[in-house]
Amino acid sequence: MRRGTTPDFILAIPGHDLRECTVKVTLRQDGRMLTLAGERLSLSYDEGDGGCTAIAFRLTQEETLGLRTGQAEVQARWVDAEGTALCTEIDTVGVAPALLEEVILHEDGGPEAG
């Protein structure tokens, strides 16, 4: 991912149907943690190949600008109605720099002619 962008992520969780679970995805870098849950996550389930849930989410510009260039850790955790809690292995995602270190907003009218 590149700082200052709004990247989409999809985590594949093979062998688990998480649609009826409480799911959280956490990113961590240098002690700073960002946890996404609820409406920030989109879950889908594919019954083929033994079943697999895909967890999709998008980070905001603010969230990616809050990360430094380097590596960030990511992990999904979930709990079912019976209270059984599980999680994925901790994985890493690269964080690349951006030249403009601020949030940009869409402005109607497009680029100014000059």
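## Strands 4 and 5

Two strands are said to pair when DSSP finds at least two bridges between them. In this predicted model, strand 4, which covers residues 42-46, and strand 5, which covers residues 52-58, run antiparallel and are joined by five bridges. Two of the partnerships can be named: Leu43 has Ile55 as its bridge partner in strand 5, and Asp46 is bridged to Cys52 of strand 5.

Strand 4 and strand 5 form a hairpin with five residues between the strands, and in this hairpin Asp49 takes a positive phi near 55 degrees.

## The three-stranded sheet

The model also contains an open sheet of three strands, whose order is 1-5-4 and whose pairing is antiparallel. Because strand 1 and strand 4 stand at the edges, each with a single partner strand, one side of each is left without a neighbour in the sheet. If direction is ignored, neighbouring strands of this sheet are turned by 20 degrees against each other on average.

## The largest nonpolar core

Which residues of the largest nonpolar core touch the most other members? The core has 22 residues, and those that touch the most other members are Met1, Leu11, Val25, Ile55, Phe57 and Leu59. At least two residues of this core come from each of strand 1 (8-14), strand 2 (22-29), strand 3 (32-37), strand 5, strand 6 (70-79) and strand 8 (91-95). Strand 6 gives the most, with four residues.

Ile55 therefore appears in two settings, as the bridge partner of Leu43 and as one of the core residues that touch the most other members. Leu59, another of these core residues, touches Met1, Thr5, Thr6, Pro7, Phe9, Leu27, Leu34, Leu36, Arg40 and Thr64, when residues up to four places away in sequence are not counted.

## The cysteines

How many disulfides does a search of the whole structure find? The search finds zero. Cys52, which is the bridge partner of Asp46, is in no disulfide, and the nearest cysteine sulfur, that of Cys21, is 14 Å away. For Cys87, the closest cysteine sulfur is also in Cys21, at 13 Å, which is too far for a bond, since a disulfide needs two cysteine sulfur atoms within 2.5 Å.

Are Cys52 and Cys87 buried, exposed or partly exposed? Cys52 has 22% relative accessibility and so counts as partly exposed, because buried means under 20% and exposed means over 50%. Cys87, at 42% relative accessibility, also counts as partly exposed.

Note on methods:
Residues numbered from 1 in each chain as written. Predicted model: local features only at pLDDT ≥ 70, side-chain atom pairs only at ≥ 80, totals over all residues. Heavy atoms only, no water. Core = buried A, V, L, I, M, F, W, Y, C linked by side-chain atoms within 4.5 Å. Buried < 20%, exposed > 50% of the residue type's maximum accessible area, 1.4 Å probe, protein only. Contact = heavy atoms within 4.5 Å. Axes fitted to C-alpha atoms, helices over the stretch in contact; angles between N-to-C directions.
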